[in-house]
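Q: I should like to learn how to read the features of a model, one at a time. Please begin with its enclosed spaces.

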Amino acid sequence: MKKAILAVSFGTTYAEAEQTCIRPVEAALAAAYPDWEVRRAYTARIVMRRLRERGVEIRSVEEALGQLRAEGFEKIVLASTHMIPGEEYDRLCADAAAYTGAFAVMRIGKPLLTETADYPALVQAMEQDGVIRKSAEKAYLLMGHGTLHIINQAYPAFDYWLKRSGFDNVFVGTVEGYPTLETLLELLKEHHYREVVLVPMMLVAGDHAQNDMAGDDSDSWKSVLERYGYIVTPQLQGLGAYPAVQALYIAHTAHMLEQSPEGGETR
């Protein structure tokens, strides 16, 4: 039985972010499952369109599944590398649904923050990889994407788990949801931090990290914080670059394979 893992990401137009954050996760999956072929798909339509304008072809979930079926693959695992089960994950599931019954086995994995146990696991992985550190003088601001989807609650929930794990100096904000930068500024005022480290809470350090977080425009997080007198250090590395985070994606895939019954489509 030919079998493949389809690693599904939001995607990025930044070549360096793709090299340092997406490929390492795919390589980790390939190393963990040497008998499986690992392929790639993106869910962000605008990212795929911009890449195609540059001559770079990345398939959507539907296109990738169609190719796998044409090549005679029978067992498919879709490994989601998304942070949360939001709109992009819903799109992944909807696109995969078009291939219901097309494979002997098709299973869909869950994003990084889906179940309660995922939250302390990610905190531990970020600490292990040195992404965040406990400090009385230095604050860490994590920039998540944010969404209008109800799963935006994952961001304040992750902030809760950080505090429960003793990271009182680490705060979670978003670009397009809640908490906002304004929320974080109010929280910072309650403390006496002089230094702030900005960290992408995303698989890749793409457009949001490079511009909204660390850019030179007056409304970037870095610029706003500097106007408030903080010494700001952007950490321009997406979470996909870190080994302990990669291990979480492998664990999600392993858990899905162990828990799912043989045969059929499962989520």
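A: β3 (75-80) and α10 (243-259) each supply at least two residues of the lining of the largest cavity. Helices (H or I, at least four residues) and strands (E, at least two) are DSSP runs, numbered from the N terminus. The model is predicted, so local features need pLDDT of at least 70 and side-chain atom pairs count only at pLDDT 80 or more, whereas totals for chains, interfaces and linings use all residues. Residues are numbered from 1 along each chain as its sequence is written, and side-chain values use heavy atoms, with hydrogens and water left out.

Q: Which element gives the most to the lining of the largest cavity, and which residues line it?
A: On a 1 Å grid over the protein atoms alone, a cavity is a set of points where a 1.4 Å probe fits but cannot get out; a pocket is an open set with protein on both sides within 12 Å along at least five of seven lines, and lining residues have an atom within 4 Å of a point. Here α10 gives the most to the lining of the largest cavity, with 4 residues. The lining consists of Leu-29, Ala-79, Ser-80, Thr-81, Gly-109, Lys-110, Tyr-249, His-252, Thr-253 and Met-256.

Q: Which residues lie nearest the centre of the largest pocket, and which elements supply its lining?
A: Of the 31 residues that line the largest pocket, Phe-10, Gly-11, Glu-88, His-145 and His-208 lie nearest its centre. Helices α2 (45-53), α4 and α8 (207-213) each supply at least two residues of this lining.

Q: How is the buried side of a helix recognised, and which residues of α3 are buried?
A: Buried means under 20% relative accessible area, exposed over 50%, and partly exposed in between (1.4 Å probe, protein chains only). In α3, which spans residues 61-70, the buried residues are Val-61, Ala-64, Leu-65 and Leu-68. They cover an arc of only 95 degrees around the axis, so they lie on the same side of α3; the arc is that of the directions from the helix axis to the C-beta atoms. Among the elements that cover the buried residues of α3 are β1 (3-9), β2 (37-42), β3 (75-80), α4 (87-97) and β4 (105-108). After α3 comes Gly-72, with a positive phi near 85 degrees.

Q: How does Arg-69 of α3 stand: buried, partly exposed or exposed?
A: Arg-69, a residue of helix α3, is partly exposed at 47% relative accessibility. Leaving aside neighbours within four places in sequence, Arg-69 is in contact (heavy atoms within 4.5 Å) with Tyr-99, Ala-102 and Phe-103. Arg-69 and Ala-102 are 33 residues apart in sequence, yet their C-alpha atoms are 7.3 Å apart.

Q: Which residues make up the buried and exposed faces of α5?
A: In α5 (residues 118-128), Asp-118, Tyr-119, Leu-122, Val-123, Ala-125 and Met-126 are buried. Because they cover an arc of only 165 degrees around the axis, they share the same side of α5. The face turned away from that buried side carries the exposed residues Gln-124 and Gln-128. Just after α5, Gly-130 has a positive phi of about 75 degrees.

Q: What does Asp-159 touch?
A: Asp-159 belongs to helix α6 (residues 154-164) and counts as buried at 16% relative accessibility. Beyond its neighbours within four places in sequence, the contacts of Asp-159 are with Val-170, Phe-171 and Val-172.

Q: Is the peptide bond from Tyr-178 to Pro-179 cis or trans, and where does Pro-179 lie?
A: The bond is cis, with omega near 5 degrees. Pro-179 lies in the loop between β6 (170-174) and α7 (181-189).

Q: What surrounds Leu-181 in α7?
A: Leu-181 is found in helix α7 and is buried, with a relative accessible area of 7%. Not counting residues up to four places away in sequence, Leu-181 touches Trp-221 and Val-224. Its C-alpha is 20 Å from that of Arg-133, the two residues being 48 apart in sequence.

Q: How many disulfides does a search of the whole structure find?
A: A disulfide is a covalent bond between the sulfur atoms of two cysteines. The search, which asks for a pair of cysteine sulfur atoms within 2.5 Å, finds 0 in the whole structure. Cys-21 is buried, with a relative accessible area of 1%, and Cys-93 counts as buried at 9%.
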